[in-house]
Amino acid sequence: RRHTAGASHRMQWLPWQRTRERGKDPRGRSRWVPDRALDRSIERTDAVASRPRPRPQRSARSDLLKQTLQDLLKEAGQERVVRFWGELSDGERRALCDQVESLKLGEVRGYLDAARERALRGEGQGAPEPVGADQVCSRSALSADKREEYVAEGLGLIAEGKVGVVLMAGGQGTRLGTKLPKGCVDLGLSDSRTLFRVQAERISRLQSLAASAKFGEGAEVRNPVMWYIMLSDAMRAHTERYFRENSYFGLNESQVRMFNQGKLPCVTEQGEVLLESRGKVAEAPDGNGGIYEALLVSGCLQSMRERGVEYVDCYCVDNLLAKIADPLLVGYCSKFGADLGCRTLAKSSPNERVGVFVKSGGGGVG
């Protein structure tokens, strides 16, 4: 049997010959036999396949493209990115140029240089200072009247549509043994709930409670809580499909807005950009810290302005116990005019291995 790509539809099913000219095989066997025209095409195909791939031809346009790319890379100190330029096709060269222009490699170099300078100055290496008591408000220390005051303030802001929710959900559930987005993972509850479903139901219940508190018992929701969900490129399509298939878990489609987090090039410890292939820079999501730029470039900040959102509650998708847009916290921050408020739990003991808030070098809290 002879093989060649794309030629199987031209094969003829013929019986074996008793002799080389005619007749039957005594054992009754049969086989695939190519016709003569196909045989000739196989020889031509083999001849073409054995020839070396021609190198891309240089042109004035290609040289100009390379010069433009080299100028960008030289400014960022990353000239080695084009070391395989001569082996790329015109399309691969154009794609590489477009990618480099979008990555802002000069900014990446600035991040690395700033990090090295901080390390040389010894910043962040001293013992952290605890947050002062004047910067912390314990829920248990509030009187019942104060708690009711803050909750009423928070519910009023939610009912007026002034509170939005930002969810960081770009991660994949690899630690949970699945390639699904974390928010789509079944929690193992009796009704097969997922993180996305639980959080959507909490938002739905919260806006109903706020409407009743503001406009009277049983009042309809006049201003749905906007839910902004940050995703990675890899998780975006599956998450959108999951929400559509589940009718957005009772929420209005218009109040759920998904957007992509940014990317950064992968670099060595020396700051040299790594390549995924000869014509493509390796990239990775820029993490939760990239949410500010992602909100801006995606148009979500503009959406918030247009809808009158003044307060935003931000949390991570795998925080099942998060009190989304907690009216107490929202009301407390509003009353004090705080730019930022963070929720935390007191440690059960000094040795409990959990993260804590401490003073940063600039005088803030982190």
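Biologist: In what order do the 4 strands of the open sheet run?

Modeller: Keep in mind that this is a predicted model. The sheet is open and its pairing is parallel. From one strand to the next, the twist averages 20°. Reading across, the order is β6-β5-β4-β11.

Biologist: Which strands stand at the edges?

Modeller: Look for strands with a single partner, because one side of each is then left without a neighbour in the sheet. That applies to residues 256–260 and to residues 311–316. So the edge strands are β6 and β11.

Biologist: Over how many bridges do β5 and β6 pair?

Modeller: β5 covers residues 227–231, and its pairing with β6 is in the parallel sense. As one example of the register, tryptophan 227 sits opposite valine 256 in β6. The count for the β5 and β6 pair is 5 bridges.

Biologist: Which helix packs on the sheet, touching β5 and β6?

Modeller: The helix you're after spans residues 233–245. Its direction makes about 165° with that of β6. That's α7.

Biologist: Moving on to empty space, which element gives the most to the lining of the largest cavity?

Modeller: A search of the whole structure turns up 1 cavity of 30 Å³ or more, and the volume of the largest is about 40 Å³. Two or more lining residues come from each of α5 (144–159) and α6 (195–215). With 4 residues, the top contributor is α6.

Biologist: And by class, what does the lining of that largest cavity have?

Modeller: The lining includes Ile158, Ala159 and Phe215, along with Gln207, Arg222 and Asn223. Sorted by class, the residues come to 6 nonpolar, 2 polar and 1 charged.

Biologist: Is glycine 156 buried or exposed?

Modeller: Glycine 156 has its place in helix α5. Its C-alpha atom is 10.0 Å from that of valine 330, although the two residues are 174 apart along the chain. The relative accessible area of glycine 156 is 13%, and the cut-off is under 20%, so glycine 156 is buried.

Biologist: Which element gives the most to the lining of the second largest pocket?

Modeller: That pocket holds about 430 Å³ of space and is lined by 20 residues, with Gly262, Lys263, Leu264, Asp286 and Glu293 nearest its centre. The elements giving two or more residues are α3 (90–103), α4 (105–121), β7 (263–265) and α8 (291–297). By class, the lining divides into 7 nonpolar, 6 polar and 7 charged. The biggest share, 4 residues, comes from α8.

Terms used:
Residues are numbered from 1 along each chain as its sequence is written. This is a predicted model: local features need pLDDT of at least 70, side-chain atom pairs count only at pLDDT 80 or more; totals for chains, interfaces and linings use all residues. Side-chain values use heavy atoms; hydrogens and water are left out. On a 1 Å grid over the protein atoms alone, a cavity is a set of points where a 1.4 Å probe fits but cannot get out, and a pocket is an open set with protein on both sides within 12 Å along at least five of seven lines; lining residues have an atom within 4 Å of a point. Grid points are joined across faces, edges and corners, and a volume is the space filled by probe spheres set on the points. Ala, Val, Leu, Ile, Met, Phe, Trp, Tyr, Cys and Pro count as nonpolar, Asp, Glu, Lys and Arg as charged, and the others, Gly among them, as polar. Buried means under 20% relative accessible area, exposed over 50%, partly exposed in between (1.4 Å probe, protein chains only). Two strands pair if DSSP finds at least two bridges between them. Axes are lines fitted to C-alpha atoms, for helices over the stretch in contact, and angles run from 0 to 180 degrees between N-to-C directions. Contact means heavy atoms within 4.5 Å.
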